[in-house]
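Open the model in your viewer and keep the selection panel at hand. We will go from stop to stop, with something to pick at each one.

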Amino acid sequence: MLRSTLIPLFVAIAGLSFSLHAQDFYQKERKKWLAIAEQTTPKLVERLKRPLYTVTAQQDPQSFQGWKVQKSYSTDSLFSNSMKKQSGVVVDFGEHLTGFVTFTIKDNGRAVDAPIRLKFTFGEVPAEIAVPFDPYKGGLSRAWLQDEIITISEVPKTITIPRRVAFKYAKIEVLGSSVYSDFKLTDLFVKATTSVTQQASALAPATPTLIKQIDQIGLNTLQECMQTVYEDGPKRDRRLWIGDLYLESLANIYSFKNHQLTKHCLYLLAGLSYENGVAPSNVFERPKPHPQINPLFDYALIYNVAVKEYLEATGDKQTALDLWKVVKKQIEIPKKYIGEDGLLDYQKAGKEWWLFFDWRNGLDKQVALQGVVIWAYKNTYQLAKMLGKEKEVSELPTLIEKMTNATHQHLYDAEKGLFVSGKDKQMSYCSQAWMILSGVASKEEGKKALLQVFAHENAIKPGTPYLYHYVIEAMIQVGLTKEAKDLIVNYWGDMVKKGADTFWEVYDPKDDFLSPYNAYLVNSYCHAWSCTPVYFIRKYPQIFQQ
Ligand code: RAM
């Protein structure tokens, strides 16, 4: 727990030297990239939504995190009766929404003679409106939790809460009011936004019901995360991360087809790259575009693959050529760590970088690191060919071959039939997936490796839908298509059965309270990287739509 929250911070500090480099590698291009990013900022589509009814939260051991909601009474009654008698009421908007909330307060017979203090608590899942936020022991800021206290000095008044929120439920408590007067809440609505403009096509009629539901919830998740950038989560972290962008853009290609948003994000990341040339792990748009100095090895490489996928989907060569300088720079990152034997010095890399791959404590990343580098190199070389630039990266084929051979020779345990990672020869889903995606494992080896690891009780499983994405992609690649379908149906389907309206950042079927941040309430419950069933279901209709 400690490790996962501290490492990024440590690297963030170490990374400061990063930005203080002598010269800005993109000095000439930065301005232009940021200008294009600005021009391509999407317009948000707005919808006004009001709550459907009030609900009560009830404890239920069978429900997700032990809480469910029960329909209570109508909003007509909520809006026409004294608010003082309804303190603690919870309203249900019927769907996950992202936007700014506005409410109106009026007196209820007797003139209001003192300020009114209200507390709003917004929740994506029932536990957030049922379990107290404090005392808070999480590793991330307490302020991510969506509670807001508002003091109203004049009545009647319509107020828009200044903070954008992401929620399905809202709880309203009266913290302060005068005994000599009364008031009511007469209106409450959210101006919900998204940059989705085009609906996704319908699935084949023969698609199983649960898969249809998974697809729809995946679309809802993606739509909520598609704001003026591909956010990772509209509740938290509300920013553009390369790893999330990559998966969202894949799902977008097969659904909403808002390619302009992808272009916008790729330019924004380029324009905000660190001065030493590394693509930034994550960036903020406001108050003005800026990166977080927190370099992340695997995400920097994934940038290249995102550009390649964008080009393949759109044919927009101009953009890919424009961004080529960033792509070319990312392939330099691993070179410093590749030894004579073709193996990366993963310990050194791990000291100097944040290596992510998944939020799962104890995951050994040696094999995955070999895999992601080879995979990114292969994709970059394909991109170079599409752009007629292969001469500029002519070292890649030899490097790929050398690394592939070394990985196979040193990290494949032929007796066990799978890849083992680190000095303790750890077996994980992560390692097998990356060996397949990189092509280090042959189809047969990969298939066997996955089946072996699935059968191993002690193998390290993914902790997030993010890593499950790569596992499923690998399963499809080696022909485990029925198993891939079962996994989507079981893992994402399980979230559906537990009441998900949007897919969660972290999900372990055996532990509803798992949190990389030491506080499950601060987890995001509408998280971009969890939307990728949309991509699989639509890209492979023969597997999923019959
Ligand atoms: C978390 C977020 C985000 C992810 C990073 C690595 O802060 O969940 O989605 O990309 O970690």
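In which loop is the place of Pro156? Select Pro156 and you land between strand 6 (147-152) and strand 7 (157-160); helices (H or I, at least four residues) and strands (E, at least two) are DSSP runs, numbered from the N terminus.

Before going further, two notes on the ground rules. This is a predicted model, in which local features need pLDDT of at least 70 and side-chain atom pairs count only at pLDDT 80 or more, while totals for chains, interfaces and linings use all residues. Residues are numbered from 1 along each chain as its sequence is written, and side-chain values use heavy atoms, with hydrogens and water left out.

**Backbone stops**

Stay at Pro156 and add Val155: the peptide bond joining them is cis, with omega about 5 degrees. Next, pick Arg236 and Asp237, which are also joined by a cis peptide bond, again with omega about 5 degrees. Asp237 lies in the loop between helix 6 (209-225) and strand 10 (240-241).

Move on to Arg238, found in the loop between helix 6 and strand 10. Its phi is near 55 degrees, a positive value in a residue other than glycine. Arg238 is partly exposed because its relative accessibility is 29%; buried means under 20% relative accessible area, exposed over 50% and partly exposed in between (1.4 Å probe, protein chains only).

Now jump to Gln65, in the loop between strand 2 (53-59) and strand 3 (67-74). Gln65 also has a positive phi, near 55 degrees. With a relative accessible area of 4%, Gln65 is buried. Why flag such stops? Most residues other than glycine have a negative phi, and most peptide bonds are trans.

**The ligand site**

Show the ligand and what lies near it, that is, residues with a heavy atom within 4 Å. There are 13 residues around the ligand, and the closest are Asp237, Asp244, Tyr299, Glu505 and His527. Asp237 is the residue you met at the cis bond with Arg236.

Look next for polar contacts, which are pairs of N or O atoms within 3.5 Å; within protein, one must be able to donate a hydrogen and the other to accept it, and residues adjacent in sequence count only if both atoms are side-chain atoms. Three to draw:

- Asp237: a side-chain N or O atom is 2.8 Å from an oxygen atom of the ligand.
- Tyr299: a side-chain N or O atom is 2.7 Å from a ligand oxygen atom.
- Tyr517: a polar side-chain atom lies 3.5 Å from an oxygen atom of the ligand.

**A buried asparagine**

Select Asn258, in the loop between helix 7 (242-253) and helix 8 (259-271). Is Asn258 buried or exposed? At 11% relative accessibility, Asn258 counts as buried. A polar atom of the Asn258 side chain lies 2.8 Å from the backbone oxygen of Ser195. Contact means heavy atoms within 4.5 Å, and, leaving aside neighbours within four places in sequence, Asn258 is in contact with Ser195, Met226, Tyr230 and Asn252.

**Into the core**

A nonpolar core is a set of buried Ala, Val, Leu, Ile, Met, Phe, Trp, Tyr and Cys residues joined through side-chain atoms within 4.5 Å. The largest one has 152 residues, and Tyr303 and Trp434 have the most contacts inside it. Colour helix 12 (residues 366-387) next: the largest share of this core, twelve residues, comes from there. Centre on Trp434 and, setting aside neighbours within four places in sequence, you will find contacts with Phe357, Ala368, Gly371, Val372, Trp375, Leu467 and Tyr470. Apart from the largest core lies another, of 28 residues, among them Phe79, Ile105, Ile161 and Val190.

**Rings and charges**

Rings of Phe, Tyr and Trp (its six-membered ring) pair if their centres lie within 6.5 Å; planes under 30 degrees apart count as stacked, over 60 as edge-to-face and the rest as tilted. By this rule the count comes to 37 aromatic pairs. Phe120 and Phe122 have ring centres 6.2 Å apart and planes at 5 degrees, so this pair is stacked. Phe120 is buried at 0% relative accessible area, and Phe122 is buried at 1%.

Finish at Phe25. A charge sits over a ring if NZ of Lys or CZ of Arg is within 6 Å of the ring centre and within 35 degrees of the ring normal. Lys325 lies over the face of Phe25, 4.9 Å from the ring centre, and the charged end of Lys329 sits over the Phe25 ring, 4.2 Å from its centre.
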